[in-house]
Amino acid sequence: MLITRRAEFSASHACFRPELSPAENHALYGPDANPHGHGHNFVVEVTLEGEPDAVTGMVFDLTHLKAILNREVIEPYDHRFLNHEVPPFDHVVPTPENIAADIWRRLEPHFPGQNPKLRSVRLYATEDLCVEYEGGGR
Amino acid sequence: MTRLTRRYRISASHRLHSPALSEEENRRVFGKCNNPHGHGHDYTLEVTARGPVDERTGTLLSLDALDRLVRERVLDAFHLKDLNQQSAEFAGAIPTTENLASAIAARLSTHWRQTFPGPWPELDRIRILETRNNRFETRLAPPR
């Protein structure tokens with residue numbers, strides 16, 4: 001069974017690589033390359049997979065999942081400029097793809113077993129753009 | 001493995017009617033969608049690609065390239081059109097949303113590698129919401 005918890009954070013980011021020219025960055029990242037940054041109301045959905053416990057009837061305590069998500073992701077990310085304030089984005093381009101993978105890395109240590117296991121991290125930068133990461137090779 | 005889903009909008013009209021069925025059967029099978037004058041929807045199209053993230057750029061694909069592909073091959077063909085009368089796919093086929101999903105999948109599959117040469121990214125999934133309450137999905141890449 002899959003269970004999913006949703007949370008939001010608002011943050012700014014700028015997608016550019018310092019070794020490239022402004023024109024090259026714009027060709028790669030479009031308007032997101034503006035070095036002054038811009039913001040989104042990001043939505044993150046974390047999905048766990050497991051069997052409901054015979055006694056509690058729960059795959060995982062959603063309140064506990066909310067607390068983990070808050071501590072590991074929302075508190076460090078919310079109302080921050082990711083490039084300047086949230087490693088590894090001081091040297092990793094904070095594309096939605098890389099943000100989803102970083103959220104996975106922050107959450108994965110909390111689910112070392114198979115029941116439940118971390119199944120996927122979905123990150124919506126806008127309503128029209130969603131990135132989903134399921135771990136493993138990138 | 002990372003997946004990226006991009007959402008687009010298609011407003012189009014259609015009428016569901018099969019020449020193989022009688023007028024009465026058409027009304028029974030297709031209900032309100034058989035109205036002879038047609039009707040329209042604001043479809044939401046979701047295109048999903050999958051693959052590895054490029055280490056240097058941090059991206060799965062160029063959004064600009066994906067937007068251009070979908071605009072040129074899908075939106076230009078279907079958006080603000082009457083599907084029955086103005087698209088080659090539905091000259092002899094019924095424009096159900098199942099068939100629209102297949103038509104879009106075929107168009108994107110045909111031109112995918114021109115836009116994205118090489119093994120990655122793959123076209124993973126097409127999903128269309130006809131209304132908020134109906135959605136249709138076709139998976140194109142093999143399961144992993």
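Let's start in chain B, where strand 2 and strand 4 pair in the antiparallel sense over seven bridges. Strands here are DSSP runs of E with at least two residues, helices are runs of H or I with at least four residues, and both are numbered from the N terminus. Two strands count as paired if DSSP finds at least two bridges between them. This is a predicted model, in which local features need pLDDT of at least 70 and side-chain atom pairs count only at pLDDT 80 or more, while totals for chains, interfaces and linings use all residues. Residues are numbered from 1 along each chain as its sequence is written, chains are lettered from A and ligands numbered from 1 in the order in which they are written, and side-chain values use heavy atoms, with hydrogens and water left out.

Back to that pairing: B:Thr48 has B:Arg125 of strand 4 as its bridge partner. Strand 4 of chain B also runs antiparallel to strand 5 of chain B, joined by six bridges, and one of the partnerships links B:Thr131 with B:Asn134. These two strands form a hairpin with two residues between them. Strand 4 of chain B is mostly covered, with nine of its ten residues buried. Buried means under 20% relative accessible area, exposed means over 50%, and partly exposed is in between, using a 1.4 Å probe and protein chains only.

Now look at B:Thr44, which sits in strand 2 of chain B. B:Thr44 counts as buried because its relative accessible area is 17%. Leaving aside residues up to four places away in sequence, B:Thr44 touches B:Arg7, B:Tyr8, B:Arg127, B:Ile128 and B:Leu129; a contact means heavy atoms within 4.5 Å.

Next comes helix 4 of chain B, residues 97-115. From first C-alpha to last, this 19-residue helix reaches 26 Å, close to the 27 Å expected at 1.5 Å a residue, where the expected span is 1.5 Å times one less than the number of residues. Helix 4 of chain B bends by about 30° at B:Ser109, the bend being the angle between axes fitted to the seven residues ending there and the seven starting there. Its buried residues, among them B:Leu100, B:Ile104 and B:Trp112, pack against several elements of chain B, including helix 2 (63-78) and strand 4 (122-131).

Over in chain A, strand 1 (residues 2-13) and strand 2 (residues 38-49) pair in the antiparallel sense over twelve bridges, and A:Ser10 has A:Asn41 as its partner. Strand 1 of chain A also runs parallel to strand 3 (residues 80-81) of chain A, with two bridges joining them; here A:Ala11 partners A:Arg80.

For an exposed spot, try A:Glu51, in the loop between strand 2 and helix 2 of chain A. A:Glu51 counts as exposed because its relative accessibility is 54%. Its C-alpha is 17 Å from that of A:His110, which is 59 residues away along the chain.

Finally, both chains help line the largest pocket, which holds about 870 Å³ of space. A pocket is an open set of points on a 1 Å grid over the protein atoms alone, with protein on both sides within 12 Å along at least five of seven lines, and lining residues have an atom within 4 Å of a point. Of the 35 lining residues, A:Arg122, A:Tyr124, A:Cys130, B:Glu46 and B:Arg127 lie nearest the centre. Strand 4 of chain B gives the most to this lining, with six residues.

Definitions and conventions: On a 1 Å grid over the protein atoms alone, a cavity is a set of points where a 1.4 Å probe fits but cannot get out, and a pocket is an open set with protein on both sides within 12 Å along at least five of seven lines; lining residues have an atom within 4 Å of a point. Grid points are joined across faces, edges and corners, and a volume is the space filled by probe spheres set on the points.
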